Amino acid sequence: MAAPPAAPPPARAVDLIGRKRDGGELREDELAVLVGGYLDGSVGEGQMAAFLMAGVLRGFSDDEALALTRILEGSGEVLDLSALAGPTLDKHSTGGVGDATTLLVAPLCAAAGAQLVKLSGRGLGHTGGTLDKLESIPGLRVDLAEDELLRIAGEVGCVVGAQTDRLVPADKALYALRDVTGTVASRALIASSVMSKKLASGAGTIVLDVKAGDGAFLPTGAEAADLARLCVRIGIAAGRRCVALVTAMDQPLGRGIGNALEVAEAVRLLSAPPSGSRLAGVALDLAAHGVAVARHGDVRTVAAVRRELERRWGEGEALERLRAMVAAQGGDPRVCDDPAAVLPAAPVVLPAPAPRAGTVTALPARRVGELAAALGAGRARKGDAVDPAVGLDLAVEVGDAVEAGQPLAMVHARDRGAAERVAAELAALLRIGDGPGGAVPDLLDVIR
Ligand code: URA
């Protein structure tokens, strides 16, 4: 009897890197050799960096992105939300400036009967992070064990915690390497990184907010829509309901940019019927798409769900859910009655006056975010502390008419020198022209 054919020798990392360098496509088992080897130390940092750079330059196929997502997701624990009555929802933003949508979307979805379990990250660079914002509320904890997450989601309808090291450890290792090797900007690597974390977080429905513009990872709506399409494809292939909104990030979304300032803005918005605020509009769009897809599997009912959410918001139900979530996470719930009495305040608050009259034509999100970070609201390096009290409270947005000397923003700072510096820089970077005003759209595309 002939001997069975010998098993092929395991793929060597150097050969796989060479194939990617030459524009080849790798199978899932081959990608697993690289990622698994990087985690166990048999594939070196230099090899992994070379592979990532080859992939960024040569491109990854959608099948490779799907395979990478599965490998990353399977590298750690997966949250089991099956004990929740559901429908379970998760929301993710690719990161922006003045983007406190989670503080509105989470309680809105809870008010509509969904259970939103969100594991968030911290701010980095010019973008803010939901955990930093929530931690500006005295006492509030984000390091929640799995049983606490489930209990709070069951009792309140929404909970926001920190992602643990046990969830998707391979993404953590790869992201740290991508961050220092110029290999973040890849559609497939971003999609697999984002979606592996969302899949491991266990929700049945995922609503994504993919930002486009100067303050986002991707500058154009077309690139952002392309990333959103891949994310949705990955979510659906994994058996989840998934919808993505592409939203503008050319100017900050909300008026507050800074941790306590953004919490105060969210509470102020939820304390009155939904207004014409752009932040409120994007939050309603996200929540309405998420709830419609979670309930019905598609977006046909989104207009009716949006009206229902507006009613619930106006009747104070979302504010009550936020109050309950803050209390359940150990925070001071009076923040929902009188944010100024509870949240930390900066010692110096100065106006940034408009240098001339006209119409605001540009308010570049990235630079505004960098100014808030320079005041201490953000961090330059992972692990840096943030100052919860400082930041900017914008008084204008693109399309507004301004008079010379009118405050463009209030600058909240630790000292007068920092406040004066940032006020001058803000007045210089904001563009004031003579053209007509008018609102600019925030919702650019819906991918389902
Ligand atoms: N956010 C992520 O979680 N991963 C990326 O790769 C980029 C943004």
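Helices (H or I, at least four residues) and strands (E, at least two) are DSSP runs, numbered from the N terminus. The model is predicted, with local features requiring pLDDT of at least 70 and side-chain atom pairs pLDDT 80 or more, while totals for chains, interfaces and linings use all residues. Residues are numbered from 1 along each chain as its sequence is written, and side-chain values use heavy atoms, without hydrogens and water.

**Exercise 1.** Determine which helix gives the most to the lining of the largest pocket, and where this pocket lies relative to domain 2 and domain 3.

*Solution.* A pocket is, on a 1 Å grid over the protein atoms alone, an open set of points where a 1.4 Å probe fits, with protein on both sides within 12 Å along at least five of seven lines, and its lining residues have an atom within 4 Å of a point. The lining comprises 50 residues, and G121, R122, L124, Y175 and K197 lie nearest the centre. Helix 9 contributes the most, namely five residues. Because domain 2 (88-339) and domain 3 (345-433), with bounds from an automatic or database domain assignment, both supply lining residues, the pocket lies between them.

**Exercise 2.** Describe the sheet of six strands and place helix 9 against it.

*Solution.* The open sheet has the order 3-2-1-4-5-13 with mixed pairing, where two strands pair if DSSP finds at least two bridges between them. Strand 3 (158-162) and strand 13 (443-447) are its edges, each pairing on one side only. Strand 4 (residues 205-212) and strand 5 (residues 241-248) run parallel, joined by eight bridges; L208 has A244 as its bridge partner in strand 5. Helix 9 lies across strand 1, strand 2, strand 4 and strand 5, contact meaning heavy atoms within 4.5 Å.

How values were computed: Axes are lines fitted to C-alpha atoms, for helices over the stretch in contact, and angles run from 0 to 180 degrees between N-to-C directions.
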